[in-house]
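Trainee: I should like to go through the reasoning behind the labels used for this model. May we begin?

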Amino acid sequence: MSKSSRNLRPHPRSLQGLTTRRLLIPASLGFSLLTGVTAQAQSVTVSSSQATHYEINPGTDTLTIASGVTISDNDVALGDGPFVLQDIAIINNGTISGGLSQTSATPFGILLTVSGSVTNNGLINADKGTAVGLTGGDYLQNNGTITGHDVGVYIAGGTLVNGSSADNTALILSSAGTALNSPTALTLTNYGTIASQGGQAATIAGGTITNYGLISATGGDGFTMNGAGTVDNRGTISSTTGTGVLVGANATITNSGTIESLAGLAAVQFSPSGGRLNLETGSVLTGGINAAGGNTQVVLHGSNTMSSTIAGIRTLTMAGTDWTLSGQTLVTNTEVQTGTLHVNGIYTSNTVVDAGATLAGTGTMSTVTAQNGATVMPGSATAPGILTVGTYTQQAGSTLLITTTPTSASELAVTGAATLGGVLSVNSLAGAYAPVTNYIVLTAGTGLTGTFSSVLESDASLVPTLTYDTALNRVILTLASAAVWTVGDNNVTLNGDVSADQDGLTGNDTLNLIGIGKVTANLANIDTLNIGDLAATVTQVSLDAGTQTVGATRILPNGTLILNGGQFSTGTLDLAGGVLTANVDSTIGAPTTLSANSEISAADGRTLTLSGDVSGVGHLLKTGAGMLVLNGANTYSGGTQIGAGTLEVGDADHSGASIQGFTRVDSGGTLRGHGTVVGNVVNEGIVWPGGSIGTLTVNGDFMQSSNGTLMVDISPDSASQLKVTGTAQLGGTLSLLYGPGTYHATTYRLVDAGAVEGAFSKVTGNAPAGYSQAVATSANAVDLKLAARTDVAGDTGDSDDSGGTGSGDVTTTVAPTNASIFGAVGSSALRDGQRTADTLLGRLARPCPTDSAAGCERPTNQAWVRATSDTTHQGGNNNAPGNTDQRYGFLVGADHNMGPWTVGLAGGYSHGDVKEGDATGRIDTLRLAAYGSRQVGAINVAGMVGGAYDFISTRRSFGSLGTTRNTSDGQEAQAGLQASMPLQAGPTVITPRVGLRYQYFHGNSFSEEGLDSESLSVKGQDLHSLQPYVGVTADYSFNGLGAKPALLQGRVGYAYETMDSSRSVSVTSGDGTGFSVPGATQSRGMLTAGLSLSMQVAKQFDVAVSYDTLFHTGNTSAQTFRLGATYRF
C-alpha cells in the first residue's frame, strides 16, 4: 500500500466491535462508505487492486480509485447496523465491481445516504442490486460506465450528468430493471446512453431533464416523468416494447429529437392529469400522441411533418411556421395562430384559424372557422386539392384561397352547412387557359348562406366571376381570358375601365362588366351584357362614350349601370336587383323586366324614359332628383315607391300608359302623368295629374296625408284632373298653378272619385288678379270655381264694391314669370360681339409713331392667342330683374404685313352663363372674323368684319312644380372701323383713337318643353347695337427681366349705344294669349379703363396680361381679364 494511502488498511473480515472512530470498507458491496463521526478532512487514494475490507479514518472526504485498480469481492458478508456516510466525494478512475452476498441488507455498489458526490471515469458494476445509490440530494457525474443488475443509478434528487458535449460514450445500464430511478425532482443532463435491457430506461419524479443522447428501454417504457417538471429532448428516447415517454401531471415535454415506440404504442402518453408537449423543428415521433384525458396540450413550433396519430388531446395550437399533419387526429379544440397548418389526414376538432394564419391541405376535418384576416387554402399554393370540412364559417375579412390550373381547381367540400363572407382569392398557376373555364370551388351538403364580398385573381390576364348555385349549394368559379372572343359560346369578364372596342363575333356571347369603371368603347355583337356578378363585386359601370349595342342587358344586385353619354341600346333590359341611373336625358325602348326589387335613378334636371313595357315580380324604387317616364302598359307586380324626384306614368302622348300595384309617394317624390295607376296610392309628397293639362287615373283608392300635396295645372280653358275609381281620402294641400293666358269666370273639375272623404286643409296658388277661387268638395268630386271679385274697385271693371263675386264677362291675364331671361341671353350675345371687335381693333392701334422707333419693327407674320374671362352685372329696370353674365373663351389669330397694309384672320370660342332669378341661360359661340389696317401718314386706319353662330339653351324653374326648357340657335354679324394716331411724348407714346362698332344678333324662335302649363312659344329676336367710341392709350417701354423689352399700357375709353336698347321679347302662352316680356336694358353710356403689361420672353415670343373694367355709371358694370401670347415669324 502506498504512503499516500496510509489511512486505508486491511482489517479482519468481521464488522463486530466497530466503533465510531473506525471506518470499514466491505469489499463485498463493490464499494460502500459508512461513517458515524466527523474528523479533519483527508484524501485517500486506492492505488492497487483489493479484495478485502478496508478501514478509512472518519475524517476522509475524498476517496479516489486509481486508474487500473479493481476493488471486488463476491464472498464477503456485510454485518448489520445503520451506516451513514456524509460529505464524501468518490472519484473512480478504475473499476468498482462486486456482487451482493446472500446475507447483505444494503443492495448498493456505492451508497451515499446523506450527501456527497460520485465522479465515475471508469467502471462501476454491481452484478446484483444497484450500482450507484445517492439518497441525499447528491451529484453524479458519469463519464464512464455504470451497470447494475436491478438499477443502474438510484438518485433521490440532486444532479446527474451523463457524459458531456465532447464525449457521448458514457453509459448507465440496467441488465434486468431500471437504468435510472429518481423518486424526487432531479436535474438530469444526458449526453450519453441510459439504457435498460429488461425494464424501463428511466423513471423520474420530476425536475429538469435535458437529453442530447439516447434513453432506451427493452422490456419497458423508455422514459417516465411522474411529476411536475420539464423534459427537453434533443436526442432519442426509445422503447422496443413500451411507450416512448410517459408523462405525469403538469409536466412539459419539448421535443426536437426523436421519441419512438417500436412496439406500436404511443410515442408520448399523457396520464389523466394532463400536461404539455411542444413539438419543434426536427421533431420525430414514432407511435403518435395519446392522452387519457385532462388538460393536455400540444403546441407546434417551427416547421415539420408528422404522420403519427394524435388522440385524446384537449388543445392543439399551431404556433410555428409550417406544419403538416397527415395522420389521424382527435383533438377537442385547435387554434391556428401563426404560419400554415397543412391537414392531409383525418382531423376531428373544432378548428379556429386566426388572423395572419393559414389552414391548408387535402384532409378531412370537422368544424372550421376562418376569422377576420385568416386564410383557408384547399390543396396548396403549388397544386390544387380538395379539403373536406364538416361545417365551415368564413368571417368578413378572411380569405378562401383557390389554386387553379388550366384543367383543375382546388375545392372546399363542406359536408354540412357553409356560411360565406370575406374574399375568394384565385391563385392561377401558369398554363394555357381556355377562353372560359368553369370550376366548382365550394360545395355545401346542407346549405349555403352568404356570399363573398369580392373575388381576386393573381393573373391579370384572367378575369374571375362567381356563380352561386343555391339549388345545388355550390359556388362556381369562371375564369375568362380578358377580352378574348372566339366564335361560339363565349363568356368574357372585364374589370374596370373599358376603352378597347369589344366585338362578340357570333354565337352566345356574354360580356360581364364588373368593378368601378367607365366605358368609352364600342360594344358590338354582344348577346348578353351583365352589369355586376354573382360574387357581389361592387360594380358601377358608366357608359361615357362610344356606341353600345347589346341583345340583352342584366343589372345584378351588386351592379349599377350609369347612362352618362354613350349611345346605348339593348334588345331587353332585366333589372335583377341592381340600379339604373341616368345622368343624361335618355330613352330606352326595349321591354324591361323587374326580376327582383330594383332602383331607377335620374339626376337633377335629367329625364329617363322607358318606352317599352315593364314586367316582372320586382318592386320599383325611384330615386334621384330627376324624372323617370314610364310610357308602356307596365305589369310589374312588386309595387312602386317614389323616394325622390318624379315618376311620370305616361307623358302627354301616352295616356294609355299604366303601372300596377300599390304606389307610395314619399315626401321627396312626385307622381305625375296622363296614364293610370292600377292600385291604391298613398301620397306623402306630390301627386300632379298630367304634369301638364291632363288626367291621372287611379283605379283604386287614393289617400293623401296631411304632408301631401295635390298639384293641379290650370289654364284659361281647362284644368288637370285626378280621377279615382275608388275612394279619395283627402288632406294636406291643394296647390293650384295658373298658367299664363286670359282667364274668364268658370268652374273646373279637379277631382272625380267614386267617393270623397275629408277635405284639403290648405289651398295655395297664383290666382289671377281680380278673381277669387273657391274649392267645393262634394260626395264624389272636388270643384274649383273661379269668379270675378267685386270687393275691390278697379280689379274687374265691376262697379260693385260690396265684395263677393260677379258673374259678368270679365277677363284678366296671368303673365309669364321668369321669361325675361330670353332678352338677357340676347344682351349677352351683343356684349360678347362688341368685346371681340374691341379686341381686334385695339391690337391694330400700334403704339409707335413710326416704324423706325425702338421696338416698333413690323414683323412679316404674327400668330397670337387671347384667353378671356369676363363677368357682367346688370341691374334691373323696365319691370325686369337684373342678371349676371359670366363669359370665358379665347381668340386666336394670324397677321401678315404687306407694306403699309396689315391683314389678319381670327377665330374663337366662348361660353356664357346667364343667371336671372330662377331662370338660367347658356350660350356657346363659335366666331370667325377678318381684320386689317393701313398706315396713312401718321394715322392708322383699321377695320374688321365677322360673324358667329350661337348654340342657346334656357331653363326656367318653378320650384317643386318643375321646369321649362329649350334649345335654339342664333346668328351674329359685326363690323368695326377705327382711326388712331400715336404721338411721342418723351418716353411715352400717347395714342388717341376714334371708331364705330356695329353688332347684330338674331335669335331663332322656339317653343319650350317641360312644364306644359308654363311653357311658352318664343318669337325670334333681332337685336342691333351701334356704338361710336373714343379712347386713348398711353404706352411706356422699358427693359424688363434679363434686359428684355417690356411695354406697360394704360387706357381709358367711352362708348355710347345709339340703337334701341329694349330687350323685350314676344311670347305666346298655351291658350294663344300673346305677351311682350320686358327685359333689362343696358346703360347707353359706357366708361371703361384698363391696364396691361406685355413682356418679351424670347426673341420671337411675347406674353401679355391685362385687366379692364366697365364703371358702374348706369345699371351695368363689368370686369375683364385677359392672358395672351404673340409669336413673330
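Mentor: The discussion below concerns a predicted model, and it takes up residues, strands, cavities and a pocket in turn.

Trainee: Why is Asp1108 called buried?

Mentor: Buried means under 20% relative accessible area. Asp1108 has 15% relative accessibility, so it counts as buried. Asp1108 belongs to strand β107 (residues 1101–1110).

Trainee: What makes the approach of Asp1108 to Arg1051 a polar contact?

Mentor: The cut-off is a pair of N or O atoms within 3.5 Å. The side chains of Asp1108 and Arg1051 are joined at 2.9 Å, and those of Asp1108 and Arg1122 at 3.3 Å. Both values lie within 3.5 Å, so both pairs are polar contacts.

Trainee: Why is Asn818 called partly exposed, and what is noted about its phi?

Mentor: Partly exposed covers the range between the buried limit of 20% and the exposed limit of 50%. Asn818 has 25% relative accessibility, so it counts as partly exposed. Its phi is near 60°, a positive value in a residue other than glycine. Asn818 is placed in the loop between β90 (812–814) and α1 (821–844).

Trainee: Why is Ala1043 called exposed?

Mentor: Exposed means over 50%. Ala1043 has 57% relative accessibility, so it counts as exposed. Ala1043 also has a phi near 60°, a positive value in a residue other than glycine, and lies in the loop between β102 (1021–1039) and β103 (1045–1056).

Trainee: How do you know that β61 and β63 pair?

Mentor: Pairing requires at least two bridges. Strand β61 (residues 559–563) and β63 are joined by four bridges, so they pair, and they run parallel. One of the bridges is marked by Leu563, whose partner in β63 is Ala582. On β63 there are also four bridges to strand β66 (residues 598–602), again in the parallel sense, and Thr581 has Ser601 in β66 as its bridge partner.

Trainee: Which way do the residues of β63 point, and are they buried or exposed?

Mentor: In strand β63 (residues 579–582), Val579 and Thr581 point one way, while Leu580 and Ala582 point the other way. All of them are buried.

Trainee: What makes β76 and β79 a pair?

Mentor: Strand β76 (residues 676–678) and strand β79 (residues 695–698) share two bridges, which meets the requirement of at least two, so they pair; they run parallel. Val677 has Val698 in β79 as its bridge partner. β79 further pairs with strand β82 (residues 721–730) in the parallel sense over four bridges, with Gln721 of β82 as the partner of Thr695.

Trainee: What makes β99 and β105 the edges of their sheet?

Mentor: The sheet is open, with four strands in the order β99-β101-β104-β105 and antiparallel pairing. β99 (1006–1007) and β105 (1074–1077) each have a single partner strand, so one side of each is left without a neighbour in the sheet. Within the sheet, two bridges join strand β101 (residues 1017–1018) to strand β104 (residues 1065–1068), and Val1018 stands opposite Val1067 in β104.

Trainee: Why is the space among Asp832, Thr836, Thr868, Phe890 and Leu891 called a cavity?

Mentor: In a cavity, a 1.4 Å probe fits but cannot get out. The structure holds six cavities of 30 Å³ or more, and the largest has a volume of about 220 Å³. Those five residues are the closest to its centre among the 19 that line it. β92 (883–898) gives the most to this lining, with five residues. By class, the lining has five nonpolar, seven polar and seven charged residues.

Trainee: What lines the second largest cavity?

Mentor: Its volume is about 90 Å³. There are 13 lining residues, with Phe822, Ile952, Ser968, Phe1006 and Gln1021 nearest the centre. α1 supplies the largest share, three residues. Six residues of the lining are nonpolar, six polar and one charged.

Trainee: How do you know that the second largest pocket lies between two domains?

Mentor: Domain 3 (556–788) and domain 4 (820–1128) both give residues to its lining, so the pocket lies between them. The lining has 39 residues, and Thr607, Met627, Arg672, Thr963 and Arg965 lie nearest the centre. The pocket holds about 820 Å³ of space, and its lining comprises eight nonpolar, 20 polar and eleven charged residues.

Notes:
Residues numbered from 1 in each chain as written. Predicted model: local features only at pLDDT ≥ 70, side-chain atom pairs only at ≥ 80, totals over all residues. Heavy atoms only, no water. 1 Å grid on protein atoms, 1.4 Å probe; cavity = no way out; pocket = protein on both sides within 12 Å on 5 of 7 lines; lining within 4 Å. Points joined across faces, edges and corners; volume = space filled by probe spheres on them. Nonpolar A, V, L, I, M, F, W, Y, C, P; charged D, E, K, R; others polar. Domains from an automatic or database assignment. Buried < 20%, exposed > 50% of the residue type's maximum accessible area, 1.4 Å probe, protein only. Polar contact = N/O pair within 3.5 Å; in protein donor to acceptor, adjacent residues only side chain to side chain.
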